[in-house]
Amino acid sequence: MKLALSPGFIGTCRIRNRFVMPAANLGWCTDGFVSEKVVSFYQKRARGGTGLIIAGAAGVDPVRINRAGMMQICDDRFIPAMERLVRAVHKEDGKIFLQLMHAGAYAGQEEHGGLPAVAPSRYFCNFTRETTEELTKAGISQIISWFRDGAVRAQKAGFDGIELIGSAGYLIAEFLSGATNKRQDEYGGTISGRGRFLMDVIDAVREGVGEDYPVILRLSGSDMIPEGNGPEELAAIAKAVGNHVDALNITGGWHESQVPQITYHVPRGMYLYLAKAVKELVDIPVIGCNRLDAESAADAVEQGCCDMVGVLRGLIADPDLVNKYKAGETDAIRPCLGCNQQCLERIFSGEPLACTVNPFVGREAESLRLRQEGKKILVIGAGISGMVYAALNAVRNRVTVWEKDLHYGGAARAVAKLPDREDVRDYLDYLFRRCISLGVVFKWEKEGCPEELKTLLDNRIFDQIVIAVGSSMDMSGYRTETSQPASGCRSEETPLVLTAGQAILAEELKGRHIVIAGSGYKAVQTAQYCALARKKGDREKAFLDRFIPEHSGFASHVMGWKDSTVTLLGWEKRIGSGFGKSTRWIMLKETERQGIFIELDAAAEKICRGRIVYRTGDVRKEIPCDLMVICQGWKANEDFDSMKAEYTDRLVLIGDARRPGRITEAVKDAFTAAIMLQFTGQENTYRGQ
């Protein structure tokens, strides 16, 4: 048996395995009270085999209360709701701790009743873009007592322990960091002084709940902000508190760090070195986390990087992750994409939690049933929306999928080839395996035209046909190898013109001066791919550099293997629309690092041999171009418009066939088309009444 599946202890609390679900605001609490959605969400993860759930964060401040769906523990009236949550998790043989949190500088006024945030010192917070108020000593003492009271309430509610969040840039982390703590009294100065607030909080909590009640401290392994603590300082802090808490939960940097923390750019288990460094210094369990799936999490424990592993978004994507891993069914685990589109992005925007790949999130308490049962269904297209729809319906229907290519995945195959997007490939493989396991029949190189589909419907060969063929692109104005340019852009002999998908799936880019037409997220991702991709002449030049280096310069001059250029030519005034807050800055930074030239508010006027003439404002410019990649002009499929009115619900369009969008829209579209929601009752908020 893997060590990760064996029991572990945090203080006096025995936990059935080493898998931990870290805390995250779900956005489903009403006035701070735990709702039925929260209870059902966590109960589902406990039933799925998760050893320890850390619920929260729960606010301890009764003055600055987060009003964006976050749970609270700042008053006794919240205890009955918490008791309901604890009972539900215990019913599934799981353990549950409550994370206690004070947001400090991160308490944005819009979410906290218009009150200014408090912090160790007065400063401008880069995360909220607001200025904080410096805490007085009386204010510090008040907050310490609030942490104590919150711990006592958690204990009364039946939680198996608590976690104090001293990471990510919240109040405790702000006191610890020299970047935000400029105090000159006993709560500032040296690292010992900056750590006094944390020690006082721990002492107060211990006074309230006793020495035997399990307490975890969550720490950033490094602040990863200018003037902040590095791994050495945080390791010293961890060592100092090691005899005062029962476990340490080590994560990456702060929310405002200019280093990716949990997006898909981060390799799996990237920050385990921070957990391992702490583990070598303390004699209590250490939890490692950030970008772990079941396999990498179990390996982390096996290799001694940590004693337990935190998997948050993986358990949001698949609540049965642990049970599937335990049963050896890793191929059946629905993978997280690391996209943040429906989880982190929504929470940062004050919206409730959802999941790109798991449309059942937040619906655990609802009764769901298929719109079609006992029917013969034909799905046209084996992309994401097509396979999601097929898998959902195959439980109670006979489903066949036609795909015009010899591959599943559709447009997402190109996304899976983009830098750092291997999770998308894993998701496509998961969907295909899921379909096969449920008996879905695939027919390759089979394309359904409207006339053929009409015949199938008229003769009742299929009861329902679902169009999931993807979107098309308006290429008017561009000359390709098989088409003439439309009026509006004069053209001589032109460079090769490809769509984004064609360019990304090509073995080699047949050009060295590449122009990307577009400015949204697809254009930015394509530009970055083209900057890294093998271009015409790269392989030959690499051969010469390796075996005949003295010929390399001569051959490059003769063959025209000049340094490649990538230009982003967009008609908008900014790039990256469609990226979320947590990923846009990373993509822009990477675009700059790769030397991609950006020209915005620009429109092509003339596409010539070896160059493009364009206008930006009143200025006419030109740039070299021997390959143009089009990333704008996507449109819904119109081939089946005439059939929709005739066949009503027997013909359904989903995904890009209905409206071009991202993966999250493709999954949501398929789910909405396949599933009927039936509420079991009114949404209950447990207020102890």
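These legends describe close-up views of a predicted model.

**View 1. Gln 528 and its surroundings in helix α18****.** Helix α18 spans residues 521-532, and Gln 528 is part of this helix. With a relative accessibility of 5%, Gln 528 is classed as buried, because the cut-off for buried is under 20%. Apart from residues up to four places away in sequence, Gln 528 touches Met 587, Glu 590, Thr 591, Gln 594 and Ile 596.

**View 2. The polar contact between Gln 528 and Met 587****.** The side chain of Gln 528 comes to 2.9 Å from an atom of Met 587. Which atom of Met 587 does the side chain reach? The partner is the backbone oxygen of Met 587. Met 587 is also among the residues that Gln 528 touches.

**View 3. Tyr 106 in the loop between β6 and β7****.** Strand β6 covers residues 95-101 and strand β7 covers residues 118-119, with Tyr 106 in the loop that lies between them. Is Tyr 106 buried or exposed? Its relative accessibility is 6%, so Tyr 106 counts as buried. The C-alpha atom of Tyr 106 is separated by 22 Å from that of Phe 579, a residue 473 residues apart from Tyr 106 along the chain.

**View 4. Contacts of Tyr 106****.** Neighbours within four places in sequence are set aside here. Tyr 106 is in contact with Cys 125, Phe 127 and Thr 128, among others. Its contacts also include Ala 168, Gly 169, Tyr 170 and Glu 174, as well as Trp 254, His 255 and Glu 256. For Ala 168, a polar atom of the Tyr 106 side chain lies 3.4 Å from the backbone oxygen.

**View 5. The largest cavity****.** The structure holds 3 cavities of 30 Å³ or more. The largest cavity has a volume of about 90 Å³. It is lined by 14 residues, of which Cys 336, Cys 339, Cys 343, Cys 355 and Thr 356 are the closest to its centre. By class, the lining of the largest cavity comprises 8 nonpolar, 5 polar and 1 charged residues.

**View 6. The second largest cavity****.** This cavity holds about 40 Å³ of space. Its lining includes Ala 24, Asn 25, Leu 26, Gly 27, Cys 29 and Val 38. Gly 56, Ala 57, Gly 69, Met 70 and Met 71 also line the second largest cavity. How many charged residues are in the lining of the second largest cavity? There are no charged residues, and the lining has 7 nonpolar and 4 polar ones.

Technical notes:
Residues numbered from 1 in each chain as written. Predicted model: local features only at pLDDT ≥ 70, side-chain atom pairs only at ≥ 80, totals over all residues. Heavy atoms only, no water. Helix = DSSP H or I, 4+ residues; strand = E, 2+ residues; numbered from the N terminus. Buried < 20%, exposed > 50% of the residue type's maximum accessible area, 1.4 Å probe, protein only. Polar contact = N/O pair within 3.5 Å; in protein donor to acceptor, adjacent residues only side chain to side chain. Contact = heavy atoms within 4.5 Å. 1 Å grid on protein atoms, 1.4 Å probe; cavity = no way out; pocket = protein on both sides within 12 Å on 5 of 7 lines; lining within 4 Å. Points joined across faces, edges and corners; volume = space filled by probe spheres on them. Nonpolar A, V, L, I, M, F, W, Y, C, P; charged D, E, K, R; others polar.
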